[in-house]
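Here are my notes on this entry, set out point by point. Please read them beside the model.

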Amino acid sequence: MVFVMSLMFAAMPLMFVAGCAEIAQEESTPPASAPPSPEAVYLTSETTAGMNLPFSDAVRVGHLLFLSGQIGNIPGTTDLAPGGIQGEARQTMENIKAVLEANGSSMDRVIKATVMLADIAEWPAFNEVYVTYFPGDKPARSAFAGSGLAFGARCEVEVIATVGE
């Protein structure tokens with residue numbers, strides 16, 4: 001009897017490991033009936049393509065639209081809007097609005113924003129402009145300062161929005 005019990009206790013860890021391996025195999029293998037993952041669609045406007053920039057304006061995956069970071073440049077150029085942080089912030093938000101609308105979305109469908117500032121001390125001035133573009137519900141947001149943004153910009157904003165149905 002002692003021998004049988006010892007044998008059972010010795011075999012229990014092996015049975016446990018075998019069971020865990022089977023569970024891990026089941027979790028890592030999607031069922032055959034799972035829908036395929038949505039394909040990424042890379043969206044580049046003629047303006048961006050004409051400027052030979054190394055990124056897409058946006059990427060659509062299913063019902064989500066991921067925008068590349070936008071700065072306060074005058075469309076079609078790398079010239080920044082005048083007016084300091086608030087002028088650039090306004091142009092940045094207008095650039096976002098234009099990309100969203102060109103790709104079937106809108107500002108009221110933005111669900112996440114990431115704000116990069118050249119100087120975190122300009123955060124309050126940036127926010128004065130930013131909130132005017134989201135008068136109702138505000139998207140989730142992160143903000144931080146960096147040591148340098150493209151073309152010497154004061155701010156850059158990237159967003160994720162819903163699109164479609």
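1. Which helices and strands each supply at least two residues of the lining of the largest pocket? Three elements do so: helix H2 (46–50), strand E4 (70–71) and helix H3 (84–102). H3 gives the most, with four residues. Keep in mind that this is a predicted model.

2. The largest pocket holds about 580 Å³ of space. Its lining counts 27 residues. Closest to the pocket centre are Thr-48, Leu-53, Asp-57, Gln-70 and Asn-73.

3. What is the chemical make-up of that lining, in nonpolar, polar and charged residues? The lining of the largest pocket divides into 12 nonpolar, 13 polar and two charged residues.

4. On the overall fold, the protein has four helices and seven strands. Along the sequence, the pattern reads α-β-α-β-β-β-α-β-α-β-β. The protein has 165 residues, and 30% of them are buried.

5. The surface also deserves a look. Leu-64, Phe-66 and Ile-111 make a nonpolar surface patch of about 220 Å². Ile-111 sits in strand E5, which covers residues 110–117.

6. Why does Ile-111 count as partly exposed? Its relative accessibility is 41%. Buried means under 20% and exposed means over 50%, so a value in between is partly exposed. Ile-111 is thus a partly exposed member of the patch it makes with Leu-64 and Phe-66.

Terms used. Residues numbered from 1 in each chain as written. Predicted model: local features only at pLDDT ≥ 70, side-chain atom pairs only at ≥ 80, totals over all residues. Heavy atoms only, no water. 1 Å grid on protein atoms, 1.4 Å probe; cavity = no way out; pocket = protein on both sides within 12 Å on 5 of 7 lines; lining within 4 Å. Points joined across faces, edges and corners; volume = space filled by probe spheres on them. Nonpolar A, V, L, I, M, F, W, Y, C, P; charged D, E, K, R; others polar. Patch = residues over 30% accessible without salt bridge, like charges linked within 9 Å, V, L, I, M, F, W, Y side chains within 5 Å. Areas by Shrake-Rupley, 256 points an atom, 1.4 Å probe, with all protein chains shown as cover. Salt bridge = Lys/Arg side-chain N within 4 Å of Asp/Glu carboxyl O. Buried < 20%, exposed > 50% of the residue type's maximum accessible area, 1.4 Å probe, protein only.
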